[in-house]
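Here's a walk through the interfaces of this structure, both between the chains and between the domains inside them. Take a look at the model, then read on.

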Amino acid sequence: MTFASPGPERQFQDFLAEGKFMIQRNIKTGAFIFYPRVLSPGTGEDALEWVEASGAGTVYSTTVTRQRPEKGGDYNVALIDLAEGPRLMSRIIDIDPHEVTIGMAVRAKIGELNSEPALLFVPDKKDLSHYGP
Amino acid sequence: MAHKLRGKSAIVGLGIAPDGERPGRTGIELLAEAVHAALADCGLRLNDIDGLFATTAVHSMPAPSVGEYLGIQPKYSNGSNIGGSSFVAHCLGATLALEAGLCDVALVAYGSNQRTAGGRLVTMSEPMPYEAIYGARYPISAYALAAARHMHEFGTTRAQLAAVAVAARNWAELNPEAFARDPLTIEDVLNSRMISDPLSKLDCCLVTDGGAAIIMTRPDQAKDLPRPPVYFLGAAMAHWHRMISAMPDLTQTAAQESGPRTMEMAGVACEDIDVLELYDAFTINTILFLEDLGFCAKGEGGAFVEGGRIAPGGALAVNTNGGGLSCVHPGMYGLYTVIEAARQLRGTCGARQIENAKIGLAHGNGGVLSSQVTSIWGTEETL
């Protein structure tokens, strides 16, 4: 096959700038892949296609990165398991970072960090577990 | 039948650059101080060294930089960097090179002035693609994510994490070389400043200056040197990821693979090991490695470390120098695990000496739980 230019990393960023959260799928096995690669990790197939992610995910782990208020205050860093399978790092916003819990349902939201397009997540409103018992 | 590398090399000399705070010194100067001490320890000369294994956090080509600084021209060298575990891997590489006859006297060396150079972890690491934008604090946030997951899955508590820090401090109190020797309680750890939940400042390793070096030869040469040789019984490495977001399961490290492979090479089981030196960059590390190396079941590490079990006088001697948490941590701690295991097997550890220690395990960790390298060492009677 021929490898198109630009490569998958740049293509992912370009999609994000267009407001789309795209992940790769191995055409042969159907396995979803993140982060974007030239070859399917571990198996090596190069026939990969871009598909729009559902945006649904679950918090796999979470930490509050403590920061002085004058520097912007505490913020969340989390690992999210996508409904499609792959895991990625992101930040849960629109919620107190201390309220984020493992297992919480979240949904992708493309926003900005450091003036760059960034894949972020917000609590999934259909899931109310984080509002407590 | 014994593995063909078992017993095929030995540590004949070791040295450290003393004191954790050395204003005005560069890392390579501290490395050279440690080399000087290691040579004095074994009675070999600098120009006997013909195999060089060195890694630092500041040299892009550490082997040529260290070789040039020392003024040696090695026949074989390796400066590869898999994080703080690199030096445990270097012991395996040095054994291979010695056994193959590519060199006769191997030096494994490290130096860093990260404390006085700025008091922060020095790293040559590139920003992690797909992670850097989220502002995780490296490496602590990655270990915090692992700790949070361990707590979620197994009910591990912050007090259990704190027990690791307290045990390390109790060992450090017995070690005149340790940097942090003030009394420490579980409450102190729980009340220290939170940095990346659930890890507080006292769940984190020290930031010190330091230099460390060991000299290795084949066993036939080792017998003619002044110190009792500490024999290489086995080592193995494994890595499954680089970025924490790519770690398959945050509660399961590649030590599950490096540990059993090392024990198989060494022909020993957990119950044969007298002393363990585990790379404790953070309190969660010790718990993960006790589990993954087979000293307790997965998920039981938190309960295992309670009640002083790994502290002086406890059932299992772990991190007898005080570890990276309380003895020394210049950014890459791996070589110190090997040095403390070797000192225990030599029987020179004074108040912290494990009586009749014959087999020691030194385990290195690198990156964000990324690379795991286990090694096992023994006295002459274990050959």
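## Where the parts meet

Between chain B and chain A there are 15 residue pairs in polar contact, with both residues at pLDDT 80 or more; a polar contact is a pair of N or O atoms within 3.5 Å, where within protein one must be able to donate a hydrogen and the other to accept it, and residues adjacent in sequence count only if both atoms are side-chain atoms. Bear in mind that this is a predicted model, in which local features need pLDDT of at least 70, side-chain atom pairs count only at pLDDT 80 or more, and totals for chains, interfaces and linings use all residues. Residues are numbered from 1 along each chain as its sequence is written, chains are lettered from A and ligands numbered from 1 in the order in which they are written, and side-chain values use heavy atoms, leaving out hydrogens and water.

On the chain B side, α5 (140-154) and β5 (194-196) each supply at least two residues to the surface touching chain A, with helices (H or I, at least four residues) and strands (E, at least two) taken as DSSP runs numbered from the N terminus. The top contributor is α5(B), with 7 residues. By class, that side has 16 nonpolar, 5 polar and 6 charged residues, where Ala, Val, Leu, Ile, Met, Phe, Trp, Tyr, Cys and Pro count as nonpolar, Asp, Glu, Lys and Arg as charged, and the others, Gly among them, as polar.

There's also 1 salt bridge between the chains, meaning a side-chain nitrogen of Lys or Arg within 4 Å of a carboxyl oxygen of Asp or Glu. It joins B:D197 to A:R66, with the closest N and O atoms 2.7 Å apart.

Each chain also splits into two domains, with bounds from an automatic or database domain assignment. Chain A has domain 1 (8-52) and domain 2 (56-124), while chain B has domain 1 (10-118 + 209-233) and domain 2 (137-204 + 234-376). The table puts the three interfaces side by side; contact means heavy atoms within 4.5 Å, and buried area is the accessible area (1.4 Å probe) that two parts lose on being put together, summed over both.

| Interface | Residues in contact | Buried area | Share on carbon and sulfur |
|---|---|---|---|
| Chain B / chain A | 27 residues / 31 residues | about 2,300 Å² | 58% |
| Domain 1 / domain 2 of chain A | 9 residues / 11 residues | about 840 Å² | 84% |
| Domain 1 / domain 2 of chain B | 41 residues / 35 residues | about 2,800 Å² | 74% |

Inside chain A, A:L16, A:F21 and A:F34 supply 60% of the area that domain 1 buries against domain 2, more than any other three residues. The rule finds 0 salt bridges across that interface and 0 residue pairs in polar contact (both at pLDDT 80 or more). The domain 1 side that touches domain 2 in chain A divides into 7 nonpolar, 1 polar and 1 charged residues.

Inside chain B, the C-alpha centres of the two domains lie 23 Å apart. B:L14, B:V88 and B:L233 supply 24% of the area that domain 1 of chain B buries against domain 2, more than any other three residues. The count here is 1 salt bridge, formed by B:R346 and B:D41 with their closest N and O atoms 2.7 Å apart. Polar contacts come to 12 residue pairs across these two domains of chain B (both at pLDDT 80 or more).
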